[in-house]
Amino acid sequence: MSAPADGPLWVVLPAYNEEAGIEATLAALVSQTDTGFALVVVDNASTDATADVVRRFAATAPFPVHLVPEDEPGAGAAADTGFRYAIGQGAVLLVRTDADCLPAGDWIAAARREFARGAEMACGRSVPRRDENPTLAERYLLPSVVRATALYGRYRRQHRHPRYRAPYVLCHGHNLAITAALYVRSGGAPRVPLEGPPEDVALLNRAREHSTRIVRAERMVVQASLRRLRAWGARRTLLWCWDRRFRPADATKVHVR
């Protein structure tokens, strides 16, 4: 059975205490070359005015905007709530980013192209946010290290189990696209706290058990914030991304603002 190449497309945007920065992300979505989508922002128990910012934006947005609460902390729970809400509203195609990220202007269009080619899940490319003035090391060295760890991930024993139908690819939670059908049959994103196992890798591996059509999509580009890297340093950030081998002693410190 071929993957759907069209149908209602929804963007899922988890947000926690992003009052100061979410407007830039929303502006990046308004600037898409393809605005034929609906947006669901999941307010993950924010204690600031994130929800108010989204409500003001919704009044003039060029696409439908839904604001959904999720009190269970963690990007996994927030993403799962957003995906399932969108599916319940009729979404066929799903794309996710995060509230501290800036999708490229052709991000939605690039995701649609991957779906049109038959992909059931597409994992895009992450680059540093240009407006955070990345250093040369942040701009070039860090992505190289991330790619090296992705290559390592492809050959890790636990990622090569016979139950997987598709090869491992580098997947960022803030830049992925998945069909609603694959999301449902794979079980979706695990509802784990942020300091728990990486929910994006878990979603990828769940999907790999159910589909052969999972691709790396280099033309789906999102600019990601450098604030965690700058708060923790390169070593701790990489260990965090690598199966949470670094975790702050205080669990509240995983939310870097």
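Guide: Before we start, one term: a salt bridge is a side-chain nitrogen of Lys or Arg within 4 Å of a carboxyl oxygen of Asp or Glu. Keep in mind, too, that this is a predicted model.

Visitor: Okay, so which residues are linked in a network of salt bridges?
Guide: A salt bridge needs a nitrogen from Lys or Arg and an oxygen from Asp or Glu, so look for both kinds of residue here. The network has arginines as well as acidic residues in it. Its linked members are E70, E72, D80, R84 and R191.

Visitor: And how many salt bridges does the structure hold?
Guide: The network we just met is part of the story, and pairs such as R129 with D131 also form a salt bridge. For the structure, the count is 17.

Visitor: Let's look at one pair: are D98 and R96 buried or exposed?
Guide: These two side chains meet in a salt bridge, 2.9 Å from N to O. Buried means under 20% relative accessible area. D98 has 19% and R96 has 2%, so by that cut-off the word for D98 and for R96 is buried.

Visitor: What about R129 and D131, which of them is partly exposed?
Guide: Their closest N and O atoms are 2.7 Å apart, and they form a salt bridge. R129 has a relative accessible area of 9%, so this arginine is buried. At 45%, the partly exposed partner is D131.

Visitor: How far is it from N to O in the salt bridge of R216 and E218?
Guide: First, a look at the surroundings: R216 has 24% relative accessibility and counts as partly exposed. E218 is partly exposed as well, with 29%. Their side chains meet in a salt bridge, and N to O is 2.9 Å.

Visitor: On to the cysteines: how many disulfides does the count come to?
Guide: A disulfide is a covalent bond between the sulfur atoms of two cysteines. The sulfur of C123 has its closest cysteine sulfur in C171, 3.2 Å away. The cut-off is 2.5 Å, so that pair is too far apart for a bond. The count of disulfides is 0.

Visitor: Are C123 and C171 buried or exposed?
Guide: C123 has 0% relative accessibility, so this cysteine counts as buried. C171 has a relative accessible area of 6%, so the word for C171 is also buried.

Visitor: Now the strands: which residues of β7 point the other way from L176 and I178?
Guide: In a regular strand the side chains alternate between the two faces of the sheet. Strand β7 covers residues 176-179, and L176 and I178 point one way from it. All four are buried, and the ones pointing the other way are A177 and T179.

Visitor: Which residue in β7 does R96 stand opposite?
Guide: Strand β4, residues 93-96, pairs with β7 in the antiparallel sense over 4 bridges. On another strand, β6 (residues 121-128), 3 antiparallel bridges lead to β7, and C123 has L176 opposite. For R96, the residue opposite is L176.

Visitor: Last one: at roughly what angle do the axes of α1 and α2 cross?
Guide: Two packed helices are described by the angle between their axes and the distance between the axes. Helix α1 covers residues 22-30 and helix α2 residues 50-58, and their axes come within 10 Å and cross at roughly 30 degrees. That makes α1 roughly parallel to α2. The crossing is right-handed, and its angle is roughly 30 degrees.

How values were computed
Residues are numbered from 1 along each chain as its sequence is written. This is a predicted model: local features need pLDDT of at least 70, side-chain atom pairs count only at pLDDT 80 or more; totals for chains, interfaces and linings use all residues. Side-chain values use heavy atoms; hydrogens and water are left out. Buried means under 20% relative accessible area, exposed over 50%, partly exposed in between (1.4 Å probe, protein chains only). Helices (H or I, at least four residues) and strands (E, at least two) are DSSP runs, numbered from the N terminus. Two strands pair if DSSP finds at least two bridges between them. Axes are lines fitted to C-alpha atoms, for helices over the stretch in contact, and angles run from 0 to 180 degrees between N-to-C directions. Angles under 35 degrees count as roughly parallel, over 145 as roughly antiparallel, 65 to 115 as roughly perpendicular and the rest as oblique. A crossing is left-handed if the near helix is turned anticlockwise from the far one by less than a right angle, and right-handed if clockwise.
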